[in-house]
Amino acid sequence: MKIQDLEDIDLEDIDREDLRNFYLSFQESLLYTDHKYLTLLKEHLSCDVRYLIKYEGSNITLAMPYAVKDSEFGKIYNSLPYFGSNGGVIGSGASKELKLELVNKFFSLAEEDSALSAVLITNPLSEDDEFFMKNIECSYTDERIGQITSLPNVFDEDLLLSKFSNPRPRNIRKALKENVSVLKQNIEGIDFLYQTHFENMSSIGGTPKKHSFFKNIPKYFQDSEWNIYTAIHNSKPIAALLVFYFNQTVEYFTPATLSEYRNYQPMSLIIFEAMKDAIKRGQKNWNWGGTWLSQTGVYDFKKKWGAIDYPYHYFIKVYDDDLGKYSKKTLNDHFYGFYTIPYEKLG
């Protein structure tokens, strides 16, 4: 089976309205494949972004975005880059075999371009992950547990609370008892969110997102497409959460809490208030993002918000064995935001 009428189109050249309408017609479409998000990443990561598109006439029937990062060491292909952004194929009435053909085209393009490696991160809401596991031959695979809370169809605080397991309802009551309030913001909440996020990640040896990413959100997104929820105590911001809205899904994107106020449970109240707003907007899914199998504490935190498991995988093809000889720092410096190779394979 070969895909006919397949085009490899630069982000700048695609009809963005047609592309957005195509993605919005599928419930499983997530923020990460939207041209606005990918335009932000293109600037932030200094990379090329393209779409593999199959047309029938003038209509899009299959689409897969990918990004390419070039450096003095070579190229890395990701679908998609930046802290586990989900890529993969969305299609109208497409068989899994047809999706696989498009995925194989992505890997072929990378190999033909002498890329060091290419990585596909699947969509947890798509139903093709198990099929890909059986049919994609790759150098390595990496698993994540996607966790998604299904939001009630009607606004009812008690109904929403009933989805949570203890101690989540107790955490919410604790925050209210401590006189924590929640403010919904946009650009005015960025600096506190970034600084607190930076401190949180640095304290655990993690890689924080850069200030420029947050600063550029208003450049590409309307205020109605994202919010920063900020918890306030005695007129002082103590926690914040960035969420994006796309299609039927809310993305729990960046949470941050001042360490000395964690026992006030401000994030629990933020999440509750943000979920209530999401229901009023008609959103169906609250996407907690991927969790490593080793992150049992993080997994348990999300699970107690009524999250359901949606496993998905990273499919990694390494084309140049020298990639494994570089240090983690070298790869991060030259391919910031891109998944290159499992770090345990370095050395």
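1. Let's start with helix α10, which covers residues 266-281 of this predicted model. It has 16 residues, and the distance from its first C-alpha to its last is 23 Å, close to the 22 Å expected at 1.5 Å a residue. How much of α10 is covered? Mostly covered is the fair description, since 13 of its 16 residues are buried. After α10 comes Gly 282, and the phi of Gly 282 is positive, near 90 degrees.

2. One residue of α10 deserves a closer look: Asp 277, whose side chain meets that of Lys 184 in a salt bridge, 3.6 Å from N to O. This pair links distant parts of the chain, with Asp 277 in helix α10 and Lys 184 in strand β8 (residues 181-185), 93 residues apart. Asp 277 is buried, because its relative accessible area of 19% is under the 20% limit. Lys 184, with a relative accessible area of 46%, is partly exposed.

3. How many salt bridges does a search of the whole structure find? The search finds 23. A good one to look up is Arg 20 with Glu 225, where the closest N and O atoms are 3.6 Å apart. Arg 20 belongs to helix α1 (residues 16-24), while Glu 225 sits in the loop between α9 (217-220) and β9 (226-233), so this salt bridge ties together parts that are 205 residues apart in sequence. Are these two residues buried or exposed? Both Arg 20 and Glu 225 are buried.

4. Next, find Glu 43 and Lys 219, whose side chains form a salt bridge at 3.0 Å, N to O. Glu 43 is in helix α2 (residues 35-45) and Lys 219 is in helix α9, so the pair ties together parts that are 176 residues apart in sequence. Glu 43 counts as partly exposed, at 33% relative accessibility. Lys 219 is exposed, because its relative accessible area of 53% is over the 50% limit.

5. Some salt bridges share partners, and in this way Asp 8, Asp 10, Glu 12, Arg 16, Lys 42 and Arg 50 are joined into one network. Try selecting these residues together in your viewer.

6. Now for a pair of helices. Two packed helices are described by the angle between their axes and the distance between the axes. For α1 and α2, the axes come within 10 Å and cross at roughly 120 degrees. The two helices are therefore oblique to each other. Which residues meet here? From α1 they are Arg 16, Leu 19 and Arg 20, and from α2 they are His 35, Lys 36 and Thr 39. You have already met Arg 20 in its salt bridge with Glu 225, and Arg 16 as a member of the network.

7. Helix α3 (residues 96-112) is worth a visit too. It has 17 residues and reaches 24 Å from first C-alpha to last, close to the 24 Å expected at 1.5 Å a residue. Which residues of α3 are buried? They are Leu 98, Lys 99, Leu 100, Leu 102, Val 103, Phe 106, Phe 107, Leu 109 and Ala 110. Just after α3, Ser 114 has a positive phi of about 60 degrees.

8. A last word on cysteines. The count of disulfides comes to 0. Cys 47 is buried, because its relative accessible area of 4% is under the 20% limit. Cys 138, at 26% relative accessibility, counts as partly exposed.

Terms used:
Residues are numbered from 1 along each chain as its sequence is written. This is a predicted model: local features need pLDDT of at least 70, side-chain atom pairs count only at pLDDT 80 or more; totals for chains, interfaces and linings use all residues. Side-chain values use heavy atoms; hydrogens and water are left out. Helices (H or I, at least four residues) and strands (E, at least two) are DSSP runs, numbered from the N terminus. The expected span of a helix is 1.5 Å times one less than its number of residues. Buried means under 20% relative accessible area, exposed over 50%, partly exposed in between (1.4 Å probe, protein chains only). A disulfide is a pair of cysteine sulfur atoms within 2.5 Å. A salt bridge is a side-chain nitrogen of Lys or Arg within 4 Å of a carboxyl oxygen of Asp or Glu. Axes are lines fitted to C-alpha atoms, for helices over the stretch in contact, and angles run from 0 to 180 degrees between N-to-C directions. Angles under 35 degrees count as roughly parallel, over 145 as roughly antiparallel, 65 to 115 as roughly perpendicular and the rest as oblique. Contact means heavy atoms within 4.5 Å.
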